Amino acid sequence: MPKKSSRAARPPKARTSGQSASAADNKSLHGETGKTADLASDTVEPGEVLTGNQGVAISDDQNSLRAGPRGPTLMEDFHLREKITHFDHERIPERIVHARGAAAHGVFQVYEDLSDLTMAGLLTDPSRRTPVFVRFSTVAGSRGSTDCARDVRGFAVKLYTDEGVWDLVGNNMPVFFIQDAIKFPDLIHAVKPEPNNEIPQAASAHDTFWDFVSLTPESAHMLMWLMSDRALPRSFAMMEGFGVHTFRLVNAAGKSRFVKFHWKPIKGVKSLVWDEAQKISGKDSDFHRRDLFEAIERGDYPEWELGLQIVEEKDEFKFDFDLLDPTKIIPEELVPVRRVGRMTLNRNPDNFFAETEQVAFHTGHIVPGIDFTNDPLLQGRLFSYIDTQLRRVGPNFAELPINRPLNPVHNNQRDAMARVTINKGRVSYFPNRLGGGCPMHSPEAADAFVSYAEKVDGAKIRARSDSFSDHFSQATQFWNSMSDWEQEHIADAFSFELNQVENEEVRHHVMNELLVNIADALAQAVSAQTGIRVARVGTSKNPTPSAPTPSGPLRAEAKDLSSPALSQDKPGDTIKGRRIAILGGEGVDAKQLKAVADALLAEDAVVELIAAHAGTIADSAGKAQKVNRAAANAASVIYDAVVVPGGASAAALAKSGLAIHFVNEAYRHGKPIAAIGEGSVLLEACSLGEAGAKEGVIIGGDAKAIDGLIAALLQHRFPRRPIKGVPA
Ligand code: HEM
């Protein structure tokens, strides 16, 4: 019979309802064990005896019941029918957006009591360890699509607080394409594969997306983020998260302040490059999912600090953008990000479907002390997520183990498909006398959620505030804030995408209604790579704007805006989790191999020995060395750096097409390359010219090369290398 999980004990007390652990349980279950123990009550280990779903032991699960060994299958075979019909129903609809994702469990802890800002318990009690479940995702692709598409990444955090579940459903970019939720179906229809042929998968590089955005100038700022390397994260652990909208924090005295939520990765913000990302999509389309899973399994727990940007109510109108406009950031230089707590992801899900697939996020899952603003995108999301969960997971989605809160749930909602809770008693209405008036509204003293009493008074209209009409200043600010190579990558990305667009009119409008309003240098660079003529709208060459919404005046001062915090051109302070390839073979220098591996492992990097075949090779001392990957299975794109030790293997590698390609490709993607001793012959065989003179290419005896390699890995990449002419 299936056994209950032995990994974590059941909650110590029986539940007061089938839906959640009791309040008393929760008090003793603070921290990561709280949700782990809660899930354990529904987690089973593989059993010894095979049974059907009614618990009856099955004698033969491999032969259907037949009329004779060669005869027809009998209707009577209840086990065959149960097994196959269950299989036939195994899928639920994939998410309409963010279908591709991966998730992990963890914990959040605030550094200090923030009760001056909020009454939210998870932000006021530094001793509390709030369990979290975080799902990262791409937006456009289907559930089976590649992790490394150029796309926004979802960063959805479910916090199981003592006062109920809070979902901070954010992205890895702080702004969005549109200002009003009513446009969301249009945006998604435009970016998803085109409806006639369902092409292309997980890509914005096609006509319908660029057609839509060319007519939607409010998307300009978000397009800059999407075309930047932020859309190509190296790892989920190396990307920022943002709540995007302006929210409110409300303290116990009822005072409200505006807040933007940030997640700052401890490993820093690091990205792939586009050619590399495309190749990874073929070589390992699970690249990010695998990275997250393996990192947690080896104890390299992804971590972020929660950051808050606080704006006093009285300062609501002091900015030259509207705080309610989700296409705008508050530059960190204007309002610093205060780091208030830490989130650590420390446990992989046991079951992808039960946890990662069935987790149901909703911006409306909120707790006392946090509240909404009138951001029209947020307002629409508040409607959309509950609706989509009812359709995708079902009306009792909140009862599922991964979704249920840790504190008790009591209300008069009843029944519906797949109800788990067995509600006792005859009363399922309010008000009632027969149930003693229970469950009753929480008295104020019980920390009930009370909406912030914002005064609202306005005519019923379909219109946007004029304060939402400057679509370009912050796009220009983003461009100005980038380093030279980041700007080059952005221009290359626009060019790549527009070169995929067939319709000349669409290409023309993107250039002449979007790019020219962002930065001349950007427009010129894209024009040179796409052949699209720069002919600014409103000039005699191009008099008619096509956008139905005003594109807004280009503020003269925008050309001077800059927010250096936006650039990722900063060295890191750890190489933890970076994956380094050591190219070896028979006779590889034993001492050098050990020295480089030990030094990298001491920095918590991941080291893999690659050789012509899997199994083992003999090093120069005749000792067997385990090969982690055969050369044909090891693409340079899945590594952060490459090392070539000396020994007899070096000369053989210098004649190997795979090895030469490996090094050239790593070079092209800006990765550190180190050769120790005779290992330099492979570099000479590559098109690296004077290898030692190139940035991030290190040649030396072991100690020098190893120190140089670690220093180069802290730089992450060397994106200024000349790569024209590199054959990879
Ligand atoms: C700032 C803008 C937005 C952000 C940051 C955002 C973020 C996310 C994230 C992270 C997910 C994936 C949740 C998961 O991992 O399960 C998601 C899913 C989804 N979003 Fe959004 N979204 C935004 C705008 C919108 C808007 C405007 C709508 C609709 C009006 C919308 C509708 C949906 C829907 C329907 C899902 C699928 C949910 C599911 O099936 O679980 N989103 N969004």
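Modeller: Ala, Val, Leu, Ile, Met, Phe, Trp, Tyr, Cys and Pro count as nonpolar, Asp, Glu, Lys and Arg as charged, and the others, Gly among them, as polar. On that basis, the lining of the largest cavity divides into nine nonpolar, three polar and four charged residues. The model is a predicted one.

Colleague: What makes the space in question a cavity, and what is the volume of the largest cavity?

Modeller: It is called a cavity because a 1.4 Å probe fits there but cannot get out. The volume of the largest cavity is about 150 Å³. It has 16 lining residues, and those closest to its centre are Pro-174, Phe-242, His-262, Gln-309 and Ile-329. Strand 9, residues 256-265, contributes the most to this lining, with three residues. The whole structure holds eight cavities of 30 Å³ or more.

Colleague: Which residues line the second largest cavity, and how do they divide into nonpolar, polar and charged?

Modeller: The lining consists of Asp-284, Phe-287, Arg-290, Asp-291, Glu-294, Arg-579, Arg-629 and Ile-638. Asp, Glu and Arg count as charged, while Phe and Ile count as nonpolar. The division is therefore two nonpolar, no polar and six charged. Helix 8, residues 287-297, gives the most to this lining, with four residues, and the volume of the second largest cavity is about 70 Å³.

Colleague: Turning to the ligand, what makes Tyr-385 a donor to the iron atom?

Modeller: The OH of Tyr-385 is 1.9 Å from the iron atom of the ligand. The cut-off for such a donor is 2.8 Å, so the OH of Tyr-385 qualifies. Tyr-385 is the single donor that the protein provides. Water is not among the atoms, so the site may look incomplete. Tyr-385 belongs to helix 10.

Colleague: Why are the pairs between the ligand and the side chains of Arg-135, Gln-389 and Arg-392 called polar contacts?

Modeller: The test is a pair of N or O atoms within 3.5 Å. An oxygen atom of the ligand lies 2.7 Å from an N or O atom in the side chain of Arg-135. The corresponding distance for the Gln-389 side chain is 3.0 Å, and for the Arg-392 side chain 2.8 Å. Each pair therefore passes as a polar contact.

Colleague: How many residues surround the ligand, and which helix gives the most to the shell?

Modeller: The ligand is surrounded by 24 residues, and Arg-95, Arg-135, Arg-381, Tyr-385 and Arg-392 are the closest. Helix 10 gives the most, with seven residues. Helix 10 (376-392), strand 5 (153-161) and strand 6 (164-171) each supply at least two. The shell has twelve nonpolar, eight polar and four charged residues.

Colleague: How do you know whether the radius of gyration agrees with that of a compact globule?

Modeller: For 728 residues, a compact globule would come out near 27 Å; the protein has 28 Å, so the two agree. Its C-alpha atoms fill a box of roughly 90 × 80 × 60 Å along the principal axes. The protein contains 19 helices and 20 strands.

Colleague: What is the phi of Ala-416, and where is Ala-416 placed?

Modeller: Most residues other than glycine have a negative phi, and most peptide bonds are trans. Ala-416 is not a glycine, yet its phi is positive, about 80 degrees. Ala-416 is in the loop between helix 10 and helix 11.

Colleague: Which residues does a cis peptide bond join?

Modeller: One such bond joins Phe-430 and Pro-431, with omega about 5 degrees. Another joins Cys-438 and Pro-439, with omega about -10 degrees. Pro-431 is in the loop between helix 10 and helix 11 (473-481), and Pro-439 is in the loop between helix 10 and helix 11 too.

Note on methods: Residues are numbered from 1 along each chain as its sequence is written. Side-chain values use heavy atoms; hydrogens and water are left out. A residue is near a molecule or strand if one of its heavy atoms lies within 4 Å of it. A polar contact is a pair of N or O atoms within 3.5 Å; within protein, one must be able to donate a hydrogen and the other to accept it, and residues adjacent in sequence count only if both atoms are side-chain atoms. Donors are N, O and S atoms within 2.8 Å of the metal (3.2 Å for Na, K and Ca); water is not among the atoms, so sites may look incomplete. On a 1 Å grid over the protein atoms alone, a cavity is a set of points where a 1.4 Å probe fits but cannot get out, and a pocket is an open set with protein on both sides within 12 Å along at least five of seven lines; lining residues have an atom within 4 Å of a point. Grid points are joined across faces, edges and corners, and a volume is the space filled by probe spheres set on the points. The radius of gyration is taken over C-alpha atoms; the globule rule is 2.2 Å times the number of residues to the power 0.38.
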